Amino acid sequence: MSVELDVFVGNTTIMDKEVYQLWLNGYTVNDAVKVRIEGGVMEECEASAEVLLSDTMDQYRTFQMCERLLHHPAKLANQLLFQIPPDRQAMLIERYYAFDDSFVREVLGKKLSKGTKKDLDDVSLKTGITLKSCRRQFDNFKRVFKVVEELKGPLVENIRQHFLLPDQLARDYAAIVFFANNRFETGKKKLLYLTFQDFAFCAGQLINNWTVGAVDNMMEDMDVDLDKEFLQDLKDLKILITDKDLLDQHKSLVCTALRGKTNVFNEMEANFKNLSRGLVNIAAKLINAKDVRDFFIDLVEKFIEPCRSDKWTSIDVNLYLTHYTNSAHILDTFKYYAVWTRTHLHAVVHLMNIRPDV
Amino acid sequence: MPGKLKAKIVAGRHLPIMDRASDLTDAFVEVKFGNTTFKTDVYPKSLNPQWNSEWFKFEVDDEDLQDEPLQITVLDHDTYSANDAIGKVYIDIDPLLCSEAATVISGWLPIYDTIHGIRGEINVLVKVDLFNDLNRFRQSSCGVKFFCTTSIPRCYRAVMVHGFVEELVVNEDPEYQWIDRIRTPRASNEARQRLIFLMSGELQRKIGLKVLEMGGNAVVGYLQCFDLEGESGLVVRAIGTACTLEKISSTLPATATHPSNSSPSKDMKEPGFGEEAPGVPLSSGPPTPLRAQTFSSFSPSKSYSRQSSSSDTELSLTPKTGMGSGGSAGKEAGPLKALLRQQTQSALEQREYPFFPLTAFPPGFLLHVGGVVSARSVKLLDRIHNPDEPETRDAWWEEIRQEIKSHAKALGCQAVVGYSESTSICEEVCILSASGTAAILSSRFMQDGPLDTEHRLSRQPLCVFSTGSERVEGDMGSSASLGFEEVVSPGCGFCHIPYDELNIPFPAQLTYCYCCRRYKVPDVLFTTIDLPTEANVTGKGCLIQARLCRTKKKAQGEGNATVISNLLPFLEYELHTQLMNKLKLRGMNALFGLRIQISIGETMLLGLASATGVYLTALPSPGGIQIAGKTPSDITYEQHISNMQKKINDTIAKNKELYEINPPEVVEEIIGSPIPEPRQRSRLFRSQSESSDEVSELDLSHGKKDAFVLEIDDTDAVEDIHALLTDFPTPAGFYSCNTEIMPGIQNWTSAIQMFTSVRVFRLNASLTSQGLNKIFSDLCENLLKSLYFKLRSMVPCCLCHLNFTVAIPEDELIQVAVTAVAMSFDKEQLLENGKQSGEKTLIKAITENDEQLQFNLELNAETPSPNPLSSPKGLSEVGSHLSARALSVDYSSFADRCSSWIEQLKLKAHTIRRGSVKTTSSMEKASPLPEGRSRSLRSNRSYSGSSVAVVKMTPLSFIPGAKIIKYLGIINMFFIRETTSLREEGGVSGFLHTFIAEVFAMVRAHVAALGGNAVVSYSMKECVFMENPNKNQAQCLINVSGDAVIFVRESELESTSVQTQSATTHTSNGAEGT
């Protein structure tokens, strides 16, 4: 004796947020039922395990039927099969595209290819996130990437419009797409202390300042790629370290400005040349794709680590970089203001530094 | 050429990829009507083609317009091979043929394929230019309006009710034709879908013709069914009530409401007199008592006539009933009453069948209810040889209808209301069933009533009933003001027995009505209709189900038919007993909406009876349930029984509390009722005592010891019986019923959720009948439990119109399908009316003052103290009313009433406060129409973001908090879905889930294309599911119907006044005691 068929269809599609989350998390029906029982829903509603199982299966089926539509969220609004109130639709989309920070940290900057997908079971093992959920998140990244890759105009806006995502989530996806496209290395041991949000902030800054779209919104090209011309121009900055006069002048300007404002002034003064060389070298190398990938690791090695070993606080770093940037403007022979301004050095590195100090 | 049909194909979207190479589709469209086909151009390489075609024009007979659907086929163009069909859309043109319905069909309709389901959508425009055809011998019936709604549709009034119409069309089932062996499943399914479309079109046209012949212009309660008889063919049959309807012209809610509010009382009286005493010189002053007595001759009761009962004897009863009952009321009323009786009877008897598939009636139409009448017959199917001569099937139904008619006569009734017909087919055996409620109707609405009445009807807009979305019917207050204090109130009138007390066709206990104390009422009342809105009810109602499963031997042909017909009476008897016991267990005394379904399988018979139990104030309080052992010698056994008894008594007490059944017990002493005291005592006594002598007591009081005593043979049976009787209680916050409305709940919010749930259960062991019973019962209970759980977010809510259908799709499978609507209500405002009739008077008193209170509040709306209790004027007004009433009504303790009154006032105050606060907000929203369209789901968010119009669906005839302003036509759709990749589609559940969702989507899309925003009276009439998991195949047929409507949400202010009025509806003859 068994229930062979069991369906429930409402004119307005009934979706339980809790079950939806369990489904998204990749729980099997039975596991989901267990979680729900522990959650106490049974006592609340005088239900039995049987009822719960039937409900969970039914909901899972509904979600599976909806999944196809969630891949193209715009379709959800004008499909006829499910009558879902708009606020529910928004919830469905937002949750479907939500991701785990620990998961995204694993794949950030990796190529969104089949190969990466095959390795997801390792990721699943490492993060404790179910393989099913990992796949969903990975496929979401890939789907967004594929759609946005070909589109003109601002990246975040494109993502928001095509996937109907809330602003913050759209920004996060922009960061993921940007990282995947430029293949920034983020998985090295030295970078592990950085969270996704740290990278996302950087991505935001880079998108806003270093891409073609950053200069001209109407440009043909997109936000996804770094502005080649700009990278080329960065090479010219080398003068800051190669020209000894300029280097000394720069140093004295910065040190004058910093004197008395920080506890680590001596270290700053001592390290100035080293740090400046590090930064400018990173910038000058960015024209090579390989060095772009190592951008973050280089920054950490050449700049963050020395600062950290000297016990700078983030306030110190911020101060230092602000003056470092500003002073360059005053340099007599430094002609690359435009490029220099666009580096937005202080912002990028500033963020890099928050975590180790906290 | 009386009609020109025009169609334009605009665009497509979300089309499937038909060309793997390009991942695109080269789509074009064929538009076919009758034998004419047009094609659009091919729109190459797109999944969202923009055809923007010319207008395709079909010049056709209106007969064809009624029969044929417009058939739109979307295809993928292929240069080298045959074009691939993507899918089809069938469009029913019928709604466009009626001037008052829709004028254009325009919108996105799902493209449907019987193998793949919905495959994208197509945007079409369809119009019809109809030329007037004055040919008397025409075969078409364009313009006749059809309604699935089983009451007079809101926004119409019934000028005349003509009577029963039925028709039946037969054909060969394409699935069983020889050609089916060589054609694809898709072709076969499409042939079937198309045929059924054609047949239902034809059927509708034929019924329309009958209606025109009768002089009507509409069919209400149109019920169309399919009998898939397999080899022997396909039968489409329909029944309905022919009416002459008149549209209530004003769409403004206020104007529609007020006349109807003030008029019913008058109009119930005046036309009534006209017809009662056409030749008698009576007019306005004295007739009251006479009239009252006239009514005395009729009254209600349970009845359970079976097919087995001989109709001859029952027929012979008829003349007696016609004259009888004078004895009880006596005096000079006799002849007058007889006159009326003859009149109405003759009016009805002229009709072939005085049947009405309606379940709700305009006030004053339903005079008395006799009880349920039903008939069944078992037939052997044979091949339909000539589709043009469906005589055999006609004759079968004829027989059954005759029997129903005679049963009704036996109950002293001339009409049958809430009438329905159904079949159950297994192999070549078919059970035809018909059931209804014997009743006496007022001839006021009848066509052949006295001329004089007709005149009045045509002249007076008063005598007709508007049915706005508010259920305002019958205003008691004005009856008092007119001085008819003693008139039979509609609150109990329908309960009074219609048959002769001395010639009761079945054993029944008669007592004097507990409301009016004048006329006899039965102890229990079973009906198939909805609870009349004016009925006096105590407490709340609940769904009651009797479930039964009986094994039978496998047999073939005639032998099988014999076995089944032998089993049927037992099955029905047991169902009846179970219903009765469960009713008693809940402390209730009447069943409404009773629907008994019997389903046959090869090795078993299933019986499912569903009804809504209520406590009718007019009927006596039910006795308890007594358990009696057959062998009273054993002590432990006795103990066991007494334990059981205690459990049952506890359950009854608990249920009474749950359903708020506290009937007024002191009433009769004050009124000085003529009811013999001892009976009452014994009743009370019986329900508590448990000694052995109550068996004799019972015998005395019931003559037959069927319903109240449970005889038990052995100890085990006790548990079984308890288990069978005691359904799981509904979880807190839930109520359920299978009727349109739940007594005791009025303040519905706008949150509704219609749903369909289907379960199939496999029995894989040979079981005893008892075991089967348990399984079947559990299946239904578990299904209900699941529903409660699913809908928990809507609490407090009521599952209304719970419609269960059972089937035995194959051996060892039981299928249960439920369609219902969950409606939330506002707990805070829950008006506890119906507790005491006295209380109702008080509500009345308050409601009368409502307008003043409201007015005050509106003025105060901006000031921060909107508390109506602080308004001295309102208070004093109400107060004076209270004292006035209190003088006349004094049978219950004053304090009690006072407190309850204050409670009411508080509740009212709350309502009003809400109303006034919301006035401002409702004024901000300029036009109500777009608001109603967009803001219809649960949340109050604006829906501007969605491009798909929200379409509500409900099995009820109304939408809470909204007003139906237009009926756009009937929706009657039939779909077949088949799969050969069952596993890939998520197994049977996945397959059916998708299909049902698709059916909903198609219904919604067609309604939206007609310009509507809701379907009312929606029902899923057929859901035939067949599977073959081994072959990875499944097939399902679904037939749905309903009325497409446009509704407008009432502004909050109006809804308060509606509540006021619905409260009025329940006021009653509290003042009668004096």
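This is a guided tour of a predicted two-chain model, from the contact between the chains to two sheets and a few backbone details in chain B.

Residues are numbered from 1 along each chain as its sequence is written, and chains are lettered from A and ligands numbered from 1 in the order in which they are written. Because the model is predicted, local features need pLDDT of at least 70 and side-chain atom pairs count only at pLDDT 80 or more, while totals for chains, interfaces and linings use all residues; side-chain values use heavy atoms, with hydrogens and water left out.

**The contact between the chains**

Begin by selecting the residues in contact (heavy atoms within 4.5 Å), which number 59 in chain B and 40 in chain A. The area buried between the two chains (accessible area, 1.4 Å probe, lost on putting the parts together and summed over both) is about 4400 Å², with 59% of it given by carbon and sulfur atoms. Then pick out Phe789(B), Lys790(B) and His993(B), which supply 19% of the area that chain B buries against chain A, more than any other three residues.

Next, display Asp6(A) and Arg759(B), whose side chains meet in a salt bridge at 3.0 Å, N to O; the term stands for a side-chain nitrogen of Lys or Arg within 4 Å of a carboxyl oxygen of Asp or Glu. Five salt bridges are counted between chain B and chain A. Helices and strands here are DSSP runs (H or I, at least four residues, for helices; E, at least two, for strands), numbered from the N terminus. Strand 1 (residues 2–10) of chain A runs antiparallel to strand 26 of chain B, and eight bridges join them, where pairing requires that DSSP find at least two bridges between two strands. Within this pair, Leu5(A) stands opposite Val760(B).

**The sheet with strands 29 to 32**

Select strands 29, 31, 32 and 30 of chain B, which form an open sheet in that order with mixed pairing. Strand 29 and strand 30 (962–979) are the edge strands, each pairing on one side only. Strand 30 and strand 32 (residues 1033–1049) pair in the antiparallel sense over 16 bridges, with Phe974(B) opposite Asn1039(B) in strand 32. Helix 2 (residues 185–214) of chain B packs on this sheet, touching strand 30 and strand 32, and its direction makes about 145° with that of strand 30. For such angles, axes are lines fitted to C-alpha atoms, for helices over the stretch in contact, and values run from 0 to 180 degrees between N-to-C directions. Helix 23 of chain B also packs on the sheet, touching strands 29, 30, 31 and 32.

**The sheet with strands 19 to 22**

Move on to the open sheet of chain B in the order 19-21-22-20, again with mixed pairing. Strand 19 (525–526) and strand 20 (537–551) stand at its edges with a single partner strand each, so one side of each is left without a neighbour in the sheet. Strand 19 pairs in the parallel sense with strand 21 (residues 590–600) over two bridges, and Phe526(B) stands opposite Leu591(B).

**Backbone details**

Finally, select Val795(B) and Pro796(B), which are joined by a cis peptide bond with omega near -5°, in the case of Pro796(B) within the loop between helix 18 and strand 27 (797–807) of chain B. In the loop between strand 1 (3–13) and strand 2 (27–33) of chain B lies His14(B), whose phi is positive at about 55° although it is not a glycine.
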